[in-house]
Amino acid sequence: GTTIAFAVAASGSQPMSYQWHFNGMALAEGSRVIGSLTSNLTIAQLRESDAGGYSVVISNAYGSVTSQVAFLSVQLPPLADLVVEAVLVL
């Protein structure tokens, strides 16, 4: 349920374009994904399925470069941290 943010800094001839990738596939804007075409990527309400490798391709008129992969792991809270209620009806 947490939010994560990735950011990249690049220098070179403007304008620059950005495309974030997850496990090699281009990310698209959505209800939880914001900034897939900018230097700052935000993913809200993290899920276990969001764990994996994130990279960004930065392009300008002279070519493109791909960042190193940043690996995100998503850990669930320990069961002891979860509140469980049970009602026994006799």
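Buried here means under 20% relative accessible area, and that cut-off comes up in several of the close-ups below, all taken from a predicted model.

**View 1. Phe22 and Tyr54, a tilted ring pair between β2 and β6.** With 18% relative accessibility, Phe22 falls under the 20% limit and so counts as buried. Tyr54 gets the label too, because its relative accessibility is 2%. Centre to centre, the two rings are 4.8 Å apart, and their planes make an angle of 40°. Phe22 belongs to strand β2, while Tyr54 sits in strand β6 (residues 52-60), so this pair bridges 32 residues of chain.

**View 2. Phe6 meets Trp20.** Scan the whole structure and you find three aromatic pairs. In this one the ring centres are 6.1 Å apart and the planes stand at 40°, so it's a tilted pair. Phe6 comes from strand β1 (residues 4-7) and Trp20 from strand β2 (residues 17-22), with the two positions 14 residues apart along the chain. How buried is Trp20? Its relative accessibility is 4%, so it counts as buried. Phe6, at 15%, counts as buried as well. Stepping back a little, ring pairs tie Phe6, Trp20, Phe22 and Tyr54 together into a cluster.

**View 3. Phe6 and the largest nonpolar core.** This core has 14 residues. Which of them touch the most other members? That would be Phe6, Trp20, Leu27, Leu41 and Tyr54. Strands β2, β5 and β6 each put at least two residues into the core. Zoom in on Phe6 and, skipping residues up to four places away in sequence, you'll see it touching Trp20, Ser39, Asn40, Leu41, Tyr54, Ala70 and Leu72.

**View 4. An open sheet of three strands.** The order is β1-β5-β4, and the pairing is antiparallel. Strands β1 and β4 (33-34) are the edges, each pairing on one side only. Follow β1 along β5 and you can pick out four bridges, in the antiparallel sense. For a landmark, look at Ala5, whose bridge partner in β5 is Thr42.

**View 5. Asp50, a buried loop residue with a polar contact.** Asp50 is found in the loop between β5 (40-43) and β6. Is this loop residue buried or exposed? At 7% relative accessibility, Asp50 counts as buried. Its side chain makes a polar contact with the side chain of Arg32, at 2.9 Å. Leaving out neighbours within four places in sequence, the contacts of Asp50 are Phe22, Arg32, Ile43, Gln45, Leu72 and Val74. Phe22 is the residue from View 1, where its ring pairs with that of Tyr54.

**View 6. Val74 beside the stretch that holds Asp50.** Where does Val74 sit? Look in the segment after β8 (70-72). With neighbours within four places in sequence set aside, Val74 is in contact with Arg47, Glu48, Asp50 and Ala51. Take Arg47 as an example: Val74 and Arg47 are 27 residues apart along the chain, yet their C-alpha atoms are separated by 7.1 Å. Asp50 links this view to the previous one, since Val74 is also on the contact list of Asp50.

Definitions and conventions
Residues numbered from 1 in each chain as written. Predicted model: local features only at pLDDT ≥ 70, side-chain atom pairs only at ≥ 80, totals over all residues. Heavy atoms only, no water. Contact = heavy atoms within 4.5 Å. Phe/Tyr/Trp six-rings, centres within 6.5 Å; stacked < 30°, edge-to-face > 60°. Buried < 20%, exposed > 50% of the residue type's maximum accessible area, 1.4 Å probe, protein only. Polar contact = N/O pair within 3.5 Å; in protein donor to acceptor, adjacent residues only side chain to side chain. Pairing = 2+ DSSP bridges. Core = buried A, V, L, I, M, F, W, Y, C linked by side-chain atoms within 4.5 Å.
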